Amino acid sequence: LCVSTQPNSDRREPLLALSLLHAVTAITLAIYGANALLMTLLYLRRRRQTPPVPPEPAQWPLVTVQAPIFNELHVVERLIQALAALDYPPDRLQIQLLDDSTDETTALAAACIERQRGQGPAIELLHRQQRPGFKAGALAAAMPQVRGEVIAIFDADFVPAPDFLRRTVPYLLADPAIGFLQTRWSHLNAGYSLLTRMQALALDGHFVVEQTVRQRSGWFFGFNGTAGLWRRACIDDAGGWQSDTLCEDLDLSYRAQLRGWRGIYLPDVDAPAEIPPQLAALKRQQGRWA
């Protein structure tokens, strides 16, 4: 009996382990699916709960626009042109290009900024030779030179509309408890291919459904790193940009909310960006984000 049952016992142990692994995986996927279903149901219930549009202020606050870039040779000129076209009082606007590039991007950006000189607000090129902290490090390093009480952030592949600041800044002025504001990402090239359509669908699921539900339910939600505003006082109170974390934008927004600040999400205000059109470009983007 001992000889006959021992092999069966050896076979049962790996089968049991596989069964447990299958059960854990199935339960995890079920929880994720239930969460997605709950978010969708809550979105259908709360999608019309839009915040009232605040009036324009009598005096616009000083705003600093920051654009952190790294080796963005193909889009840096488009970014600079979009920032220069922002419709905001020039004497109340500071624009910083936070450049950590190691290729020709720096020279190209400097030449483009020189061509824009006199055609709009001045753009400052802040170049770092080293990259400690990567994007979070660039944002933290530029803070001593920030003059604005409101800070807008755009990644290199975004093209904000000229009226972006005029449509968003009043929300921060209307409620002093709002520490940051996030807008919806839209897509310049969503219909280019099946790959871009799939990426657009995934991003829209987050921005149209998840962010809307979280903010309108009064739950914590994360700043997405770009296409939004921060109150300078909120950044300082929450401890500033920190690079010893997985996602500096999510980290800062949660630290701010734990300190009592609130965030606001505006799905009706969008900031268009370019979706990586090839798989290699998508992998490079995800690598930068990681």
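These are my notebook entries on one predicted model.

**Overall picture.** I began with the whole chain. The protein has 290 residues, and 44% of them count as buried. I found nine helices and seven strands in the protein. I then looked up the extent of the C-alpha trace, which spans about 95 × 45 × 40 Å along its principal axes.

**Contacts.** Next I asked how contacts are spread along the sequence. Taking contacts between residues at least 6 apart in sequence, I noted that 82% join residues at least 24 apart.

**Surface and charge.** I looked up the exposed area and got about 15,300 Å² for the protein. Carbon and sulfur atoms supply 60% of that area. For charge, I counted 28 positive and 29 negative in the protein, and their mean positions are 6 Å apart.

**Helix 4.** I turned to helix 4, which covers residues 134-142. Its buried residues are Ala 136, Gly 137, Ala 138, Leu 139 and Ala 142. What do the buried residues of helix 4 pack against? I found strand 1 (63-69), strand 2 (93-99), strand 3 (123-127) and strand 4 (150-153), along with helix 8.

**Helix 8 and the patch.** That partner made me follow helix 8, residues 248-258, where Leu 258 lies. Is Leu 258 buried or exposed? Leu 258 counts as exposed because its relative accessibility is 67%, and the cut-off for exposed is over 50%. I also met Leu 258 in a nonpolar surface patch of about 370 Å², made together with Phe 220, Leu 250 and Tyr 254. So my notes on helix 8 hold two things: helix 8 is packed against by buried residues of helix 4, and its Leu 258 takes part in a nonpolar surface patch.

How values were computed
Residues are numbered from 1 along each chain as its sequence is written. This is a predicted model: local features need pLDDT of at least 70, side-chain atom pairs count only at pLDDT 80 or more; totals for chains, interfaces and linings use all residues. Side-chain values use heavy atoms; hydrogens and water are left out. Patches are made of residues with over 30% relative accessible area and no salt bridge: like charges are joined within 9 Å, nonpolar side chains (Val, Leu, Ile, Met, Phe, Trp, Tyr) within 5 Å. Accessible areas come from the Shrake-Rupley method with a 1.4 Å probe; for residues, only the protein chains shown count as cover. A salt bridge is a side-chain nitrogen of Lys or Arg within 4 Å of a carboxyl oxygen of Asp or Glu. Helices (H or I, at least four residues) and strands (E, at least two) are DSSP runs, numbered from the N terminus. Buried means under 20% relative accessible area, exposed over 50%, partly exposed in between (1.4 Å probe, protein chains only). Contact means heavy atoms within 4.5 Å. Lys and Arg count as positive and Asp and Glu as negative; His and the chain ends are not counted. The place of a charge is taken as NZ of Lys, CZ of Arg, CG of Asp or CD of Glu.
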